[in-house]
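Could you walk me through this structure in my viewer, one selection at a time? I am new to it and would like to know what to click on and what I will find there.

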Amino acid sequence: MNTITPEKNTAISFNDTATAFASKSTDDLKAARLLFSTMQYGSLVSLGVKLTPLAINWGLPIKGLIRNTIFKQFVGGETMEETAPVAKKLGAYNVQVILDYGVEGKEGEEAFNDACEQFIKVIKYAATQPNIPFMSVKVTGIARFALMEKVDEAMRSGQSLGLVARYHAAVQSLSTNEQREWSNVFDRLQRICSTAAASGVGVLIDAEDSWIQDGVDAITTIMMETYNKTKPVVYNTLQLYRHDRLQFLKDSYAEAQAGRYILGAKLVRGAYMEKERERAAEKGYPSPIQPTKEATDRDYDAAVQFCVEHLTEIGLIVASHNEQSNLLTTELLQQKGLPLNHPHVHFSQLFGMSDNITFNLAAAGCSVSKYLPFGPIKDVIPYLMRRAQENTSVKGQTGRELGLIKIELDRRSGK
C-alpha cells in the first residue's frame, strides 16, 4: 500500500464520484442503485426484516437472493478467508479494513468460548495482512446479556463512586456462580486484548444498549489501562446520540491521564435510538437519547474537537457517515499543522456505504478503513437487518447514496 504524505490545506471533496466509485464496476453500481432504491420503501423493508429471519430458520431457499443483494453490498464474505480479495481490492485504493466477526445472538458458555477463539483467530489473521490494523468485538458475543444487565443495574446504585470502583462493587454483589461466570467474560476479553497487543492489532470494543453499557465501559477502561501504556490498542466506542457521552469522554480522558495510559476513543453517532426511547418510556426513566439530531451533531463535533486538542494522549477513530464531521476533523488537523495521516487519527465507514467519504479521504492521504463484517449468512442476518432499517430511517443517507451513484453512472455513460 502506498504511503501518502498529504500537503497542508489539502482540499477534500466528497462530491468526487470518479474517485468514490473507482473500485466499482458499472454493474456493481447498478446493483447498488437497485438495492438502495428498494430500501427507500419503508413498509417493504419492515416486511423483509420480519420475514427474512423466519425464512432462513424455516430453510426456505432464499440464501442465494440474500447473497447476491444485501449480503454482497454490506458483508465481506461468509468466512474470514473470503474477505481477503475484498480487503486486497480496498488496499489498492489505500483503504484499510476493520475486520468484524459478525455473528450475534448466541448464548451459552460453549458459544461464548467459540466466539472468543474466533476473535483471536481474526487478530492473528489481521496481523499477517498489510491493511487490517483493527478488529471489532461485541462484548455481547462473549457474555450473557442478562448477566450484563445485572452488572449494569448494580453499578447504577453506586453513583458516588468512579466507574471502575462501581464496577468492582457490582461484581462483588453478584452470587458466587455469577461471579465465576463474569470472571470467564473478563478472561475472554483479556485474552483477546492481550493477543491483539502482542500482534500489533487494535481492538475496537463496540457500544451496546445503554442498560448494559456501564459494565462494558468499565472492563474496556481496565483493558485500556493495561494495554494502552505506550500506544492505543484498545478503543471504547462512544455513541454521541446519548446526551451524557461528551462528558463521559472528558471523564474518560481524566481517568486515562490519572492512570497514565492512552485513551482509545471511537466516536459514532449511534444505532439503537428507537429501541432506547421505547424502553425508557416503557420503564419510566428519562431517555438517554439527545432531544434532537442537531444536539447529537453538536456533541459529536465537540467530541472530535476535544480529541484533536489532546491527540498526544488520545487515539481517535472518527467512525461517521456524516460528511461535515469528517471534513471538520481534517480541517482541525490542518489548522494545527498536523498531517492528515496522524498516527492517532483514523476514519472509518461501513462497507457498502459512503464510498464518497472513504475513498476521497484515502485519496487525500487520510488513514481510513471500511468496517468489514463476515460470517455465515444465517448468522449475520441481524447485522443485515440493521443495515436495511438504518437505510430506511435515515432517508437523507439513502438519498445521498442514490444521488451519487446516479451521477457516476451518468458520468460513465457520457450524459
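Here is a tour in six stops, from the barrel to the salt bridges. Please keep in mind that the model is predicted.

**Stop 1: the barrel**

Begin with the strands. Eight of them close into a barrel, and following it round gives the order S1-S2-S3-S4-S5-S6-S7-S8 with parallel pairing. From one strand to the next, the twist averages 30 degrees. As background, strands of a sheet pair through backbone hydrogen bonds, either parallel or antiparallel.

**Stop 2: strand S1 and its two neighbours**

Select residues 96-101, which form S1, together with residues 368-374, which form S8. These two strands pair in the parallel sense over six bridges. Two pairs are good to pick out: Gln96 has Ser369 in S8 as its bridge partner, and Tyr101 stands opposite Phe374 in S8.

Now add S2, residues 134-137. S1 and S2 run parallel and are joined by three bridges. Look for Ile98, which stands opposite Phe134 in S2.

Is S1 buried or exposed? Six of its six residues are buried, so S1 is largely enclosed by the rest of the structure. In a regular strand the side chains alternate between the two faces of the sheet. To see this for S1, colour Gln96, Ile98 and Asp100 for one side and Val97, Leu99 and Tyr101 for the other. Both faces are covered, with the residues on each side all buried.

**Stop 3: helix H10, on the sheet and against H7**

Next, select residues 210-227, helix H10, and residues 145-155, helix H7. Two packed helices are described by the angle between their axes and the distance between the axes. For H7 and H10 the angle is about 80 degrees and the axes are 7 Å apart. The two helices are therefore roughly perpendicular to each other.

Which residues of H7 meet H10? They are Phe145, Met148, Glu149, Val151, Asp152 and Met155. On the H10 side you will find, among them, Trp211, Ile212, Val216 and Ala218. Sorted by class, this contact has eight nonpolar, three polar and three charged residues.

Keep H10 on screen and bring back the strands. H10 packs on the sheet, where it touches S3 (202-205), S4 (234-239) and S5 (263-268). The direction of H10 makes about 150 degrees with that of S4.

**Stop 4: Val233, between H10 and S4**

Click on Val233, in the loop between H10 and S4. With 5% relative accessibility, Val233 counts as buried. Leaving aside residues up to four places away in sequence, Val233 touches Ala196, Ala197, Val201, Gly202, Val203, Tyr227 and Asn228. For a sense of scale, draw a distance from the C-alpha atom of Val233 to that of Gln324: these atoms are separated by 27 Å, and the two residues are 91 residues apart along the chain.

**Stop 5: helices H2 and H4**

Move to residues 26-39, helix H2, and residues 63-74, helix H4. Their axes come within 10 Å and cross at roughly 100 degrees. H2 and H4 are therefore roughly perpendicular to each other. Show side chains for Asp28, Ala32, Leu35, Phe36 and Met39 in H2, which meet Thr69, Ile70, Lys72, Gln73 and Phe74 in H4. The residues of this contact divide into six nonpolar, two polar and two charged.

**Stop 6: salt bridges**

How many salt bridges are found in the whole structure? A search finds 26. Side chains of opposite charge can pair when their charged atoms come close. Here are a few to visit:

- Glu117 and Arg191: their side chains meet at 2.7 Å, N to O. Glu117 lies in helix H6 and Arg191 in helix H9, so the pair ties together parts that are 74 residues apart in sequence. Glu117 is partly exposed, with a relative accessible area of 39%, and Arg191 is also partly exposed at 39%.
- Arg156 and Asp152: the salt bridge is 2.3 Å, N to O. Arg156 is partly exposed at 41%, while Asp152 counts as buried at 1%.
- Asp299 and Arg298: this salt bridge is 3.2 Å, N to O. Asp299 counts as buried at 6%, whereas Arg298 counts as exposed at 53%.

To finish, select Asp217, Arg242, Asp244 and Arg245, which are linked in a network of salt bridges.

Definitions and conventions:
Residues numbered from 1 in each chain as written. Predicted model: local features only at pLDDT ≥ 70, side-chain atom pairs only at ≥ 80, totals over all residues. Heavy atoms only, no water. Axes fitted to C-alpha atoms, helices over the stretch in contact; angles between N-to-C directions. Helix = DSSP H or I, 4+ residues; strand = E, 2+ residues; numbered from the N terminus. Parallel < 35°, antiparallel > 145°, perpendicular 65-115°, else oblique. Contact = heavy atoms within 4.5 Å. Nonpolar A, V, L, I, M, F, W, Y, C, P; charged D, E, K, R; others polar. Salt bridge = Lys/Arg side-chain N within 4 Å of Asp/Glu carboxyl O. Buried < 20%, exposed > 50% of the residue type's maximum accessible area, 1.4 Å probe, protein only. Pairing = 2+ DSSP bridges.
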